[in-house]
Amino acid sequence: MRKPVTRQFKSNQVHMRFIYRLNVNDLKEANQAHSQQTWLIYYIFIVVIIVLTSVIPLLVQGDVSVNELLLSAIVPTLLFLALLYSVFYIVQNLAIKRAWKSQPGVQSEISVETTAEGLQINTEFAESKHKWPLYTHWKETANLFIVYQSNQVFNLFPKRAFNCEAEVDEFRELLRVNLPKK
């Protein structure tokens, strides 16, 4: 079902066409890349607050040894946070699977054409032309290019849509020339 990528060079811009289908693992990878920094900041903030709120009362009591601090405040708090993180991870994966199942449009075949002006994206349900200035930045993961229209809206382009590493490099260069990388 996959059609070969075609390339033409026009005005120092790569003209490409490629077709792909997203899968639930693409959504998981994009979600992880998208929210990684934000969640890390929240997680560190929560750890610091909980550790401080559990340690400060013990320190105010006075005559508390390091072992008592570790056993009565820090270790239980860290275990609780590890459990909380695990639960969050499981719930997040379930939410992604549920979103995947509830959106058949995301599962359809996607055709992309790159031009000097921007990206044309077509599916069975929609057609859109986006000029390069619409996009704010892009990220790259092991398997995806994530191209942002805002901090919360993005398009996913799996690297498997390309026939070879050279085509992946061409698309990366196209993004690098037209958009800032974050």
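Biologist: Which residues of β7 lie on one side and which on the other, and are they buried or exposed?
Modeller: L144, I146 and Y148 point to one side of β7, F145 and V147 to the other, and all of them are buried, where buried means under 20% relative accessible area, exposed means over 50%, and partly exposed is the range in between, calculated with a 1.4 Å probe and protein chains only. In a regular strand the side chains alternate between the two faces of the sheet. This is a predicted model, in which local features need pLDDT of at least 70 and side-chain atom pairs count only at pLDDT 80 or more, while totals for chains, interfaces and linings use all residues. Residues are numbered from 1 along each chain as its sequence is written, and side-chain values use heavy atoms, with hydrogens and water left out.

Biologist: What sheet is β7 in, and what's the strand order?
Modeller: An open sheet of 3 strands, ordered β6-β7-β8 and paired in the antiparallel sense. Strands here are DSSP runs of E with at least two residues, helices are runs of H or I with at least four, both numbered from the N terminus, and two strands pair if DSSP finds at least two bridges between them. The edge strands, each pairing on one side only, are β6 at 137-140 and β8 at 154-158. On average, neighbouring strands of this sheet are turned by 20° against each other, with direction ignored; the axes are lines fitted to C-alpha atoms, for helices over the stretch in contact, and angles run from 0 to 180 degrees between N-to-C directions.

Biologist: How many bridges on the β8 side, and how many on the β6 side?
Modeller: β7, residues 144-148, pairs with β8 over 5 bridges, and β6 pairs with β7 over 4 bridges, also antiparallel. I146 is a useful residue to look at, since it stands opposite L156 in β8 and is the bridge partner of K139. Both connections are hairpins, with 3 residues between β6 and β7 and 5 residues between β7 and β8.

Biologist: Which helix lies across those strands, and at what angle to β7?
Modeller: Helix α3, residues 165-178, lies across β6, β7 and β8 and runs at about 20° to β7.

Biologist: Switching topic: what about β3, what does it pair with?
Modeller: β3 pairs with β4, residues 118-123, in the antiparallel sense over 5 bridges, and the two are joined by a hairpin through 3 residues. One of the opposed pairs is V112 with I121 in β4. Of the 5 residues of β3 (110-114), 4 are buried, so the strand is largely enclosed by the rest of the structure.

Biologist: And K28, where is it and what does it touch?
Modeller: K28 is in helix α1 and, leaving aside residues up to four places away in sequence, touches N93, I96 and K97; contact means heavy atoms within 4.5 Å. K28 counts as partly exposed because its relative accessibility is 22%.

Biologist: L52 is in which helix, and how far is it from A73?
Modeller: L52 also lies in α1, which covers residues 24-61, and its C-alpha is 9.3 Å from that of A73, with their positions 21 residues apart in sequence. At 42% relative accessibility, L52 counts as partly exposed.

Biologist: Zooming out, what order do the elements run in, and is the chain compact or spread out?
Modeller: There are 3 helices and 8 strands, running β-β-α-α-β-β-β-β-β-β-α from the N terminus. The radius of gyration is 23 Å, well over the 16 Å that the globule rule gives for 182 residues, so the chain is more spread out than a compact globule; the radius is taken over C-alpha atoms, and the rule is 2.2 Å times the number of residues to the power 0.38. The C-alpha trace spans about 75 × 35 × 25 Å along its principal axes, and buried residues make up 34% of the 182.

Biologist: What is the average pLDDT, and where is it below 50?
Modeller: The chain averages a pLDDT of 85, and 91% of the residues score at least 70, pLDDT being the predictor's confidence in each residue, from 0 to 100. Residues 1-12 are below 50, although this stretch has 28 contacts in the model beyond near neighbours in sequence. Where pLDDT is low, the predicted coordinates should not be read in detail.
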